[in-house]
Amino acid sequence: MKRFLAMLLALMAIVTIVVPLSGCGEDDGEEAQGTYPVAVAGVTIEERPEVIACLSVNYSQIIVDMGYASLLDGRPGDCELPQLQAAAPCGTAKTPSVDAIINLGTDLLIVDTTTSIETLQLLSDAGITILQLIEPNTRTGFLNLYRCIGTAMNGNGAGYDAGEAAAQNILTQLDSIERLIMFETPVNVCLFTDDSLTKCISGDMLASYLIEIAGGFNVCIECTNGNSNMETIIASSPDVILCPIGTENKVRSQRDLEDCGAYPNNIFGYSTVRFNSLSNDLVIAAWELAHLFHPSVITADMLPYEAIDYYPSFEGHIQFLTEEEVLAEMEALEALENENN
């Protein structure tokens, strides 16, 4: 019954992924218009902006997901989204091009917290309305961020609704994954985010919520601001450790970690980019983690096309299986290879 329920929910999850919400991510240039003035995150936007720029790559992706790519006149110079290549590059979040933003005639500039106060003051003095939004660390914050960006881009009503729809589309997919592994025992996990192993996904980050969605328990949940605590990690004895690609051997060389359940086979290199996303990449990351934590429930054939399957490139998989299951799997793989040959 448990396996039947899991497969039924898997079908529901796959349907959710391949059928996006109506209007979400479409940009036909004829979107309904909301109303102004609007108050967003303490900033009042009196009338519809004629020229909008954004310095955040993540927020630019959200704008595209809402179907508002055609409304964005200025983009981050390091944003490679094909939908935004017609927009003028305006520098990056950390190194904005003040002249480019001003010369564009920008009415509204959307930024995250990585743009300096000094730069924002210069742009504000030039008469540009600045909307600085904090990246979320909770489900509610995620939803509110989308609502704020949608409202700023296209007013109350249509803009707000577009933000709501785009966020709910992603959250609904995450909920589908969570339902698949809701009866499984959480796997203790640590995700390092830097090469020096001093930074991690801490409990005050959205990615920590993602770990929970995927059926894991973040052993660094009490840590803050992305700072890891090696004593806490060792005491928690994580079953799985993820670290930036290329640092796997460095993690294995940490003698203090040798008694952890993850040592040595369940230490995996991963790309941190997907976990920093605020778009549909979060869903792909959740699938990857859920398969890594619970491979008997979230099987490889359930993964989205873009997802990384950690097991084919490493033998960490065997720690979750009995010896008999490992031998059976190896024999099946050998038989398949012989058949193909």
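This report walks through the sheets, helix contacts and unusual backbone spots of one structure. The model is a predicted one, so please read every value below as computed from it.

## A four-stranded sheet

A good place to start is the open sheet made of four strands, which lie in the order β9-β8-β10-β11 with parallel pairing. Its edges are formed by β9 (216–218) and β11 (267–270), each of which pairs on one side only. From one strand to the next, the twist averages 35°. In general, the strands of a sheet pair through backbone hydrogen bonds, in either a parallel or an antiparallel way.

To see one pairing up close, look at strand β10 (residues 240–244), which is joined to β11 by four bridges, the two strands running parallel. If you pick out C243, you will find that its bridge partner in β11 is G269.

Two helices belong to this picture. Helix α7 packs on the sheet, where it touches β8 (187–191) and β9, and its direction makes about 150° with that of β9. Helix α10 lies across β8, β9, β10 and β11, and runs at about 140° to β10.

## Another parallel pair

Further back in the chain, strand β6 (residues 108–111) and strand β7 (residues 129–132) run parallel and are joined by four bridges. Here I110 stands opposite L131 in β7. What does the chain pass through on its way from β6 to β7? The path goes through helix α4 (residues 117–125), and this β-α-β crossover is right-handed.

## How the helices meet

Three helix pairs are set side by side here.

| Helix pair | Angle between axes | Axis separation |
|---|---|---|
| α2 (residues 57–65) and α5 (residues 139–154) | about 70° | 10 Å |
| α7 (residues 206–213) and α10 (residues 281–293) | about 45° | 8 Å |
| α6 (residues 158–180) and α10 | roughly 10° | within 9 Å |

Let us take α2 and α5 to begin with. Their angle is about 70°, and they are therefore roughly perpendicular to each other. On the α2 side, Y59, I62, I63 and D65 meet L145, Y146, I149 and M153 of α5. Sorted by class, the contact of α2 with α5 has seven nonpolar residues, no polar ones and one charged one.

Next come α7 and α10, which pack at about 45° and are therefore oblique to each other. The way α7 passes α10 is a right-handed crossing. Helix α7 brings L206, L210, I211 and I213 to the contact, while α10 brings L282, A285, A286, L289 and F293. The class count for α7 with α10 is nine nonpolar residues, no polar and no charged ones.

Helix α10 also has α6 as a partner: the two axes cross at roughly 10°. That makes α6 roughly parallel to α10. The residues that make the contact are I170, Q173, L174, I177 and L180 from α6, together with L282, V283, A286, W287 and A290 from α10. These divide into nine nonpolar, one polar and no charged. You may recognise L282 and A286 of α10, as they take part in the contact with α7 and in the contact with α6.

## Unusual spots in the backbone

As a rule, most residues other than glycine have a negative phi, and most peptide bonds are trans. With that in mind, here are some places worth a visit in the loops.

Which peptide bond is cis, with omega near 5°? The bond from Y36 to P37 is. P37 itself is found in the loop between α1 (2–18) and β1 (38–40). Another cis peptide bond joins Y263 and P264, with omega about -5°. P264 has its place in the loop between α9 (248–252) and β11.

Positive phi values turn up too. A41 is not a glycine, yet its phi is positive, at about 50°. This residue sits in the loop between β1 and β2 (43–45). N225 is likewise not a glycine and has a positive phi of about 55°. You can find N225 in the loop between β9 and α8 (230–236).

Key
Residues are numbered from 1 along each chain as its sequence is written. This is a predicted model: local features need pLDDT of at least 70, side-chain atom pairs count only at pLDDT 80 or more; totals for chains, interfaces and linings use all residues. Side-chain values use heavy atoms; hydrogens and water are left out. Axes are lines fitted to C-alpha atoms, for helices over the stretch in contact, and angles run from 0 to 180 degrees between N-to-C directions. Angles under 35 degrees count as roughly parallel, over 145 as roughly antiparallel, 65 to 115 as roughly perpendicular and the rest as oblique. Contact means heavy atoms within 4.5 Å. Ala, Val, Leu, Ile, Met, Phe, Trp, Tyr, Cys and Pro count as nonpolar, Asp, Glu, Lys and Arg as charged, and the others, Gly among them, as polar. A crossing is left-handed if the near helix is turned anticlockwise from the far one by less than a right angle, and right-handed if clockwise. Two strands pair if DSSP finds at least two bridges between them. A crossover is right-handed if, with the strands pointing away from the viewer, the path from the first strand over the helix to the second runs clockwise.
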